[in-house]
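User: Please walk through this model with me, one question at a time. Keep the answers short.

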Amino acid sequence: METTLTKIKNLERIYIDGYGDDFMDRALDKLLAQQRTEDEASLRVLQADLTELEQRYAMRSDEFTQRYQNGVMGDAADFVEWNALYRMFTKVQHRLSLLQG
């Protein structure tokens with residue numbers, strides 16, 4: 001079974017060799033638009049969760065993350081969750097920026 005990366009490379013080869021067509025273009029546009037929509041929704045949910053933690057602890061997420069990674073914050077359940085949420089947020093944010101190209 002082909003991996004996703006192999007499929008993407010094959011798709012790239014199709015376009016490089018001049019075999020792309022309108023159907024493939026539309027399908028890719030729809031796929032990317034759907035992923036953007038899902039990522040935007042995820043960011044809203046994650047941002048709401050982060051805002052709640054930021055208000056509770058009177059600290060921005062980027063500041064918290066730096067302090068957490070330096071071992072200053074401890075391992076309370078809220079802090080483990082906050083760290084995970086912020087990591088998810090930054091990953092989705094990065095992917096969205098790539099999709100918006």
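**Helices, charges and surface**

Analyst: Arg-26 has a relative accessibility of 47%, so this residue counts as partly exposed. Arg-26 belongs to helix H2. Bear in mind that the model is predicted.

User: How far apart in space are Arg-26 and Lys-9, C-alpha to C-alpha?

Analyst: Arg-26 sits in helix H2. In sequence, 17 residues separate Arg-26 from Lys-9. In space, their C-alpha distance is 18 Å.

User: What span should helix H1 have at 1.5 Å a residue?

Analyst: Helix H1 covers residues 4–16, which makes 13 residues. The expected span is 1.5 Å times one less than the number of residues. The end C-alpha atoms lie 18 Å apart, which agrees with the expected 18 Å.

User: Which residue just after H1 takes a positive phi?

Analyst: Most residues other than glycine have a negative phi. Here the residue just after H1 is a glycine, with a phi of about 85°. The residue is Gly-18.

User: Which residue has a positive phi although it is not a glycine?

Analyst: Look at the loop between H2 and helix H3 (61–69). The residue there has a relative accessible area of 71%, so it is exposed. Its phi is about 50°. The residue is Ala-58.

User: Which residues form the negative surface patch?

Analyst: One member, Asp-22, lies in helix H2, which runs over residues 22–57. Asp-22 is exposed because its relative accessible area is 57%, over the 50% cut-off. The patch is formed by Asp-21, Asp-22, Asp-25 and Asp-29.

User: What accessible area do the residues of the nonpolar patch have together?

Analyst: The patch is made of Ile-14, Tyr-15 and Tyr-19. Ile-14 lies in helix H1. With a relative accessible area of 32%, Ile-14 is partly exposed. Together the three residues have about 300 Å².

User: How many salt bridges does the count come to?

Analyst: Side chains of opposite charge can pair when their charged atoms come close. The cut-off used is 4 Å, from a side-chain nitrogen of Lys or Arg to a carboxyl oxygen of Asp or Glu. By this rule the count is five.

User: Which residue forms a salt bridge with Asp-39?

Analyst: The closest N and O atoms of the pair are 2.7 Å apart. The bridge links distant parts of the chain, from helix H2 to helix H4 (residues 77–100), across 56 residues. The partner is partly exposed, with a relative accessible area of 39%. The partner is Arg-95.

User: Is Asp-39 buried or exposed?

Analyst: The relative accessibility of Asp-39 is 1%. The cut-off for a buried residue is under 20%. Therefore Asp-39 counts as buried.

User: How many residues apart are Arg-56 and Asp-78?

Analyst: The side chains of Arg-56 and Asp-78 meet in a salt bridge, 2.7 Å from N to O. Arg-56 is in helix H2 and Asp-78 in helix H4, so the pair joins distant parts of the chain, and the separation is 22 residues.

User: What are the relative accessible areas of Arg-56 and Asp-78?

Analyst: Both values fall between the cut-offs of 20% and 50%. Arg-56 is therefore partly exposed at 43%. Asp-78 is also partly exposed, at 23%.

User: What is the N to O distance in the salt bridge of Asp-62 and Arg-60?

Analyst: Asp-62 is partly exposed, with a relative accessible area of 38%. Arg-60 counts as exposed at 51%. Their side chains meet at 3.0 Å.

User: Which residues do salt bridges that share partners join into one network?

Analyst: Shared partners link the bridges. The members are Glu-52, Arg-56 and Asp-78.

User: What distance separates the C-alpha atoms of Glu-54 and Tyr-19?

Analyst: Glu-54 is in helix H2. At 22% relative accessibility, Glu-54 counts as partly exposed. Along the chain, 35 residues separate Glu-54 from Tyr-19, and their C-alpha atoms are separated by 50 Å.

User: What distance separates the C-alpha atoms of Arg-36 and Asn-83?

Analyst: Arg-36 is a residue of helix H2. Its relative accessible area is 25%, so Arg-36 is partly exposed. Arg-36 and Asn-83 are 47 residues apart along the chain, and their C-alpha separation is 24 Å.

Definitions and conventions
Residues are numbered from 1 along each chain as its sequence is written. This is a predicted model: local features need pLDDT of at least 70, side-chain atom pairs count only at pLDDT 80 or more; totals for chains, interfaces and linings use all residues. Side-chain values use heavy atoms; hydrogens and water are left out. Patches are made of residues with over 30% relative accessible area and no salt bridge: like charges are joined within 9 Å, nonpolar side chains (Val, Leu, Ile, Met, Phe, Trp, Tyr) within 5 Å. Accessible areas come from the Shrake-Rupley method with a 1.4 Å probe; for residues, only the protein chains shown count as cover. Lys and Arg count as positive and Asp and Glu as negative; His and the chain ends are not counted. The place of a charge is taken as NZ of Lys, CZ of Arg, CG of Asp or CD of Glu. Helices (H or I, at least four residues) and strands (E, at least two) are DSSP runs, numbered from the N terminus. Buried means under 20% relative accessible area, exposed over 50%, partly exposed in between (1.4 Å probe, protein chains only).
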